[in-house]
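Let's take a walk through this structure together. Have the sequence and the 3D view at hand, and follow along at your own pace.

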Amino acid sequence: MQENRASLEAFKAEVVAWFEANIPEQPGFLLPESFMEVGTDQQFEFLRTWQRKVYEAGYLGMSWPEAYGGGGYPQAYQDIVTSEMARQNAPFMMNTIGLNWAGPLILHMGSEDAKNRYIKGILNADDIWCQGFSEPDHGSDLGKVQTKAVLDGNEYRVNGSKIWTSLGSYAKYMILLARTNPDTESKYAGLSFFLSPMHVPGIETRPIRKLTGEYGFTQTFFNDARIPTSCIMGNEGEGWQVAMTTLMFERGAAGGQAGGISMIDLRVDDVVELAREAKRDGAPAIEDYYVREQLVRFLIEEKANQLSRVRARIPALVSERPSAIAMSGKLRTSEFRRRLCQLAIGLQGANGARFIGDSQSADAGKWPRSYLNAFSATIGGGTSQIQANIIGERVLGLPK
Amino acid sequence: MSEDSNIKSAPISFNDEQVMLLDTAMSFCREKSSVARVRDLLLSDSGYDAGIWQEIVALGWTGIAIPEEFGGSELGVNALVPIAETMGRFLLTTPFISTTLASQMILQGASEEQKTRWLPGICEGLIASIAITEDEGSWDLEDIRCKAIAHEDVLHLSGSKTFVFDARKADIFVVSVMYEGMPALVVLEKDQLNENALRREVIIDETRRSFRLTLDGVQVKTRNMLPAGNTISTLAHLNMLANLLLSAELAGGTAAVLNVVIEYLTTRKQFDRLIGSYQSLKHPTVEILLGLESMRSLVYHAATVWDEQQREVAVRMAKAQACEAAIFAGDRAVQFHGGFGFTYECDAQLYLRRALCSQLLFGDAAHHRKHLAPLLLS
Ligand SMILES: Cc1cc2nc3c(=O)[nH]c(=O)nc-3n(C[C@H](O)[C@H](O)[C@H](O)COP(=O)(O)OP(=O)(O)OC[C@H]3O[C@@H](n4cnc5c(N)ncnc54)[C@H](O)[C@@H]3O)c2cc1C
């Protein structure tokens with residue numbers, strides 16, 4: 001035990017030093033704030049190179065099996081790296097969908113062949129993954145998706161459209177939820193789950209402009225696209241269960257992710273700094289009673305969220321509802337981020353209205369941009385309202 | 001959001017002894033303090049069951065944070081938290097909190113001789129209380145009007161104290177007074193009080209018993225005064241401990257009232273649907289859960305770092321969060337029971353009224369945020 005702790009500490013020191021030496025300089029262009037906002041080739045190449053470097057240094061997928069390209073270490077090692085990345089404001093690991101949901105899913109239930117084929121490419125960012133769940137007409141009510149996959153010899157023929165596909169322009173693979181049987185009694189029973197290739201004839205992506213004016217996700221069209229039957233995950237008709245397992249990984253309610261941050265870290269301390277610089281009614285905003293009160297509220301909330309992650313690992317202190325903290329993580333942190341950015345905009349007086357590109361905007365327009373981008377996590381991956389439904393129903397046992 | 005990556009000292013630790021205590025406290029309080037029993041006691045004079053108090057003493061809980069040399073088991077303040085939380089959960093009222101606050105003040109501020117005089121008795125069941133607050137209801141514990149004037153080796157006290165909990169049954173009191181222009185702490189024994197010195201106060205929380213204590217004419221030997229140099233630190237210690245234990249109680253109460261809400265939302269039907277299926281009830285109930293989870297994390301963190309420099313920040317954060325979230329929970333619990341929620345019979349009021357009272361003892365959320373600001377922002 002003592003020895004273990006000592007080696008973790010030594011490891012941490014090594015990690016701190018590595019990131020200090022290797023975090024790249026800010027490039028001459030604006031980086032995205034999360035994997036859902038990678039909008040230009042420049043941004044993409046920069047982030048892919050960085051992920052590759054982190055992996056090659058041994059700091060990604062540390063707890064995944066060595067046989068497939070992982071590190072074979074206990075989870076605690078990866079956790080140290082992930083915290084340190086956040087602490088040092090490192091750029092995020094862009095292949096998030098592969099690292100933190102498709103990857104764990106493949107390790108959890110994929111064939112030996114799938115593990116050999118996909119895991120390493122996820123880690124070294126050779127193979128970018130995207131997720132084809134949402135459709136123009138069916139988002140929250142995911143069980144209703146209509147994109148069709150029809151068995152045809154040793155292939156499925158896919159028709160329909162997915163939308164809000166993050167990284168759609170760059171992905172080599174997609175985790176795809178499609179309807180293989182339109183006639184089932186339950187909407188869920190007709191669904192199947194695929195590890196679909198993207199670079200096949202009949203699949204096209206079209207970039208969609210985000211509310212900030214930047215790009216980030218695509219609409220994905222399937223026009224008689226043929227994908228091999230071997231890329232199905234689970235059996236035909238079991239797609240819903242597989243998708244739910246994926247969402248457990250995605251929302252952090254189940255462990256097994258490769259690790260690394262998937263969005264830039266925003267801390268209350270950054271807003272405290274801003275409050276020192278910004279003026280409100282002619283005085284530093286930090287002297288304003290209202291601003292102080294708000295900042296303290298956020299500091300308490302931030303601390304509580306950090307502490308809850310620690311408490312979640314102490315069984316005696318979560319015995320009544322063991323899953324409550326993990327299941328609510330996305331809701332708590334995404335809403336927190338959105339509200340924190342609102343505060344940051346509001347404490348700058350009229351200057352809060354300046355946007356990216358304006359030479360006088362605080363932190364190069366970071367806060368209004370971050371606020372608008374913060375909706376990516378309150379909408380993507382299941383909206384906050386849907387999260388509240390899920391927590392109410394699954395954690396508290398309230399009726400549907 | 002980054003995780004606290006300090007490996008050396010975990011921000012929350014919970015050792016085997018605490019696990020056991022939490023377990024014991026849960027089964028003890030569940031057995032002794034059904035809601036029906038709590039309601040019986042609302043009408044009683046003392047507000048608690050003397051038999052249960054004896055059992056608590058026998059379990060050693062009154063000495064749990066007192067060193068062995070004074071008759072305790074020396075498990076530390078850390079060990080008080082699961083007990084206070086569970087008592088809050090089951091609304092089990094006894095003089096436990098009053099006695100603990102008083103004994104910890106003595107432990108913090110008394111001379112060795114004084115500790116030997118009082119602490120072993122407390123471990124064995126003496127009831128103690130604190131007489132700190134005055135008519136203005138100030139949360140500044142150094143804002144004192146009561147006086148002590150010495151004639152030879154006798155102190156003559158004057159003034160009045162309020163919110164002296166469990167005073168009718170208390171054997172000793174730790175009292176704050178001004179002495180030679182400075183705050184001082186004096187320990188009074190029951191028989192030194194005048195007749196009619198105690199008057200019951202009517203407070204919003206009917207599970208507690210609060211009294212006004214008149215000190216006029218009380219005389220006590222100077223050897224009952226705690227050493228002058230310890231006064232300020234002892235008051236600060238009290239402030240932190242009271243807020244920690246109140247926060248723990250509030251966390252317990254919130255856990256309980258959440259279950260009261262869930263029970264109703266999963267059984268009551270309107271428009272042919274269980275009312276818990278309505279999102280305008282479901283989502284705020286989730287918010288109660290999130291508030292509770294945050295408060296428990298902050299409370300157990302404050303207990304963990306009790307002996308460290310982060311104590312004040314941790315305790316104030318816990319109390320600020322606990323007050324707000326507990327009141328939100330109690331408030332929504334009343335609303336979500338409809339007409340029944342408006343009745344005395346509905347249990348929601350028990351938790352709401354207790355939370356309203358607890359927030360006003362030793363500082364509400366806004367007060368603690370105000371005191372956190374300079375600690376966190378400078
Ligand atoms: C930045 C970003 C990236 C994304 N990336 C991907 C991706 O890579 N792959 C992918 O498949 N999808 C992705 N999504 C899509 C995302 O998962 C959906 O947008 C989301 O699930 C909501 O679906 P919808 O857009 O159809 O909204 P709708 O479901 O139409 O919801 C509209 C509004 O109604 C509310 N609502 C709906 N149903 C209920 C209910 N039962 N109770 C209460 N309120 C309800 C919602 O909360 C929302 O406010 C992304 C979205 C964003 C914003």
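In what follows, two residues are in contact when heavy atoms of theirs lie within 4.5 Å. Please keep in mind that this is a predicted model.

With that in hand, look for T218(A). This threonine lies in strand β7 of chain A, which covers residues 215-228. Is T218(A) buried or exposed? Its relative accessible area is 1%, and buried means under 20%, so T218(A) is buried. Setting aside neighbours within four places in sequence, T218(A) is in contact with I163(A), W164(A), T165(A), G168(A) and S169(A), and also with T205(A), R206(A), P207(A) and I208(A). For a sense of distance, G153(A) is 65 residues from T218(A) in sequence, and their C-alpha atoms are 30 Å apart in space.

Now find A178(A), which sits in strand β4 of chain A, residues 173-179. A178(A) is buried too, with a relative accessible area of 0%. Beyond its neighbours within four places in sequence, A178(A) is in contact with T147(A), A149(A), G190(A), L191(A), S192(A) and F194(A). From A178(A) to S359(A) there are 181 residues in sequence and 47 Å in space, C-alpha to C-alpha.

Let's step back to chain A as a whole. Its secondary structure comes to 11 helices and 10 strands. The radius of gyration of chain A is 22 Å, which agrees with the value near 21 Å that a compact globule of 400 residues would have. Along the principal axes, the C-alpha trace of chain A spans about 70 × 55 × 50 Å. Of the 400 residues in chain A, 55% are buried. Among the contacts in chain A between residues at least 6 apart in sequence, 73% join residues at least 24 apart. On the outside, chain A exposes about 16900 Å², with carbon and sulfur atoms supplying 50% of that area. Chain A carries 42 positive and 46 negative charges, and the mean positions of the two sets are 3 Å apart.

Chain B comes next. How many helices and strands does chain B have? There are 12 helices and 11 strands. The radius of gyration of chain B is 21 Å, close to the 21 Å that the globule rule gives for 378 residues, so chain B is as compact as a globular protein of that length. The C-alpha atoms of chain B fill a box of roughly 80 × 50 × 40 Å along the principal axes. Buried residues account for 61% of the 378 in chain B. For contacts in chain B with a separation of 6 or more, 77% are between residues 24 or more positions apart. The exposed area of chain B is about 14900 Å², and 51% of it comes from carbon and sulfur atoms.

What lies inside? In soluble globular proteins, nonpolar side chains tend to be buried together. Here the largest nonpolar core has 141 residues, and the members that touch the most others are L295(A), W61(B) and L188(B). Helix α7 of chain B, residues 231-265, gives the most to this core, with 11 residues. Leaving out neighbours within four places in sequence, L295(A) is in contact with V268(A), V271(A), V272(A), A275(A), I286(A) and L343(A), as well as L377(B) from chain B. A second, separate core holds 79 residues, including L60(A), Y77(A), V81(A) and L247(A).

Helix α7 of chain B also contains T234(B). T234(B) is buried, at 0% relative accessible area, and is in contact with M105(B), Q108(B), G109(B) and L185(B), not counting neighbours within four places in sequence. Another residue to find is R354(B), in helix α11 of chain B, residues 348-360. At 6% relative accessibility, R354(B) counts as buried. Among the residues that R354(B) touches are D205(B), R208(B) and E249(B).

Finish with two loop residues of chain B. E152(B) is in the loop between β2 and β3 and is exposed, at 79% relative accessibility. N196(B), in the loop between β6 and β7, is exposed as well, with a relative accessible area of 71%. Neither is glycine, yet phi is positive in each: near 55° for E152(B) and near 65° for N196(B).

Technical notes. Residues are numbered from 1 along each chain as its sequence is written. Chains are lettered from A and ligands numbered from 1 in the order in which they are written. Side-chain values use heavy atoms; hydrogens and water are left out. Helices (H or I, at least four residues) and strands (E, at least two) are DSSP runs, numbered from the N terminus. The radius of gyration is taken over C-alpha atoms; the globule rule is 2.2 Å times the number of residues to the power 0.38. Buried means under 20% relative accessible area, exposed over 50%, partly exposed in between (1.4 Å probe, protein chains only). Accessible areas come from the Shrake-Rupley method with a 1.4 Å probe; for residues, only the protein chains shown count as cover. A nonpolar core is a set of buried Ala, Val, Leu, Ile, Met, Phe, Trp, Tyr and Cys residues joined through side-chain atoms within 4.5 Å. Lys and Arg count as positive and Asp and Glu as negative; His and the chain ends are not counted. The place of a charge is taken as NZ of Lys, CZ of Arg, CG of Asp or CD of Glu.
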